[in-house]
Amino acid sequence: MIISVVGMPQSGSTMLFNIISELFNIHNVEYESCLFGPKTHNRVLSFNDLKLRSKNNLFLVKEHHYQADLESISGFVIVSKRKIKDSIAS
């Protein structure tokens, strides 16, 4: 299963990702975490690799931009939002 945490930069998505990760650690839930991207590289997994590896594992995925293909393979998508006005001001 894949749990995806998505949201524009500076919207709190990294904080949500870290909270979920810590909850998994506290409750001894085995999982893998990664970033989502067009090509597999270091801690970044592409669509095909993520889909293949997540068949028997729980994955916690972080992405800053909405990706329809990521949503299509995710069991849960957690979205953080921020007003665009606040983003421009920061």
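**Notebook: E63, the cores and some outliers**

I started at E63, where a polar atom of the side chain lies 3.1 Å from the backbone nitrogen of H65. I call that a polar contact, meaning a pair of N or O atoms within 3.5 Å; within protein, one must be able to donate a hydrogen and the other to accept it, and residues adjacent in sequence count only if both atoms are side-chain atoms.

The model is predicted, and local features need pLDDT of at least 70, side-chain atom pairs count only at pLDDT 80 or more, while totals for chains, interfaces and linings use all residues. Residues are numbered from 1 along each chain as its sequence is written, and side-chain values use heavy atoms, with hydrogens and water left out.

**Entry: E63**

I placed E63 in strand β4, residues 59–63. Strands (E, at least two residues) and helices (H or I, at least four) are DSSP runs, numbered from the N terminus.

Which side chain of opposite charge is nearest to E63? I found K62, 7.6 Å away. E63 is buried and has no salt bridge. For charge, Lys and Arg count as positive and Asp and Glu as negative; His and the chain ends are not counted. A salt bridge needs a side-chain nitrogen of Lys or Arg within 4 Å of a carboxyl oxygen of Asp or Glu. Buried means under 20% relative accessible area, exposed over 50%, and partly exposed in between (1.4 Å probe, protein chains only).

I then listed the contacts of E63, leaving out residues up to four places away in sequence: V5, V6, G7, F36, G37 and L70. Contact here is heavy atoms within 4.5 Å.

**Entry: V6**

V6 is on that list, so I went there next. V6 sits in strand β1. Its relative accessible area is 8%, so V6 is buried. Beyond four places in sequence, V6 touches S13, E63, L70, V77, I78, V79 and S80. I also checked V6 against P38: 32 residues apart in sequence, 16 Å apart in space, C-alpha to C-alpha.

**Entry: the cores**

How many residues make up the largest nonpolar core? I counted 10: I2, V6, C34, F36, L45, L50, F59, V61, L70 and I73. A nonpolar core is a set of buried Ala, Val, Leu, Ile, Met, Phe, Trp, Tyr and Cys residues joined through side-chain atoms within 4.5 Å. Two or more residues of this core come from each of β1 (2–7), β2 (32–36), β4 and α3 (68–73). There is a second, separate core of seven residues, including I3, V5, L58 and L60.

From the largest core I picked C34. Outside its neighbours within four places in sequence, C34 contacts R43, L45, L50, F59, L60, V61 and K62.

**Entry: S54**

Is S54 buried or exposed? S54 is buried, because its relative accessible area is 9%. I found S54 in the loop between α2 (47–53) and β4. A polar atom of the S54 side chain lies 2.9 Å from the backbone oxygen of L50. Past four places in sequence, S54 touches M1, I2 and F59.

**Entry: aromatic pair**

I searched the whole structure and got one aromatic pair. F24 and Y31 form it, tilted, with 5.1 Å centre to centre and 55° between the planes. Rings of Phe, Tyr and Trp (its six-membered ring) pair if their centres lie within 6.5 Å; planes under 30 degrees apart count as stacked, over 60 as edge-to-face and the rest as tilted. F24 is buried at 14% relative accessibility. Y31 is partly exposed at 21%.

**Entry: positive phi**

I noted two residues other than glycine with positive phi. Q10 has phi near 65°. Q10 is in the loop between β1 and α1 (13–26), and is exposed at 64% relative accessibility. N42 has phi near 50°. N42 is in the loop between β2 and β3 (44–45), and is exposed at 70%.

**Entry: two asparagines in helices**

N48 lies in helix α2. Its relative accessible area is 56%, so N48 is exposed. N48 and V79 are 31 residues apart in sequence and 22 Å apart in space, C-alpha to C-alpha.

N18 lies in helix α1. At 44% relative accessibility, N18 is partly exposed. I checked N18 against V5: 13 residues apart along the chain, with C-alpha atoms separated by 9.9 Å.
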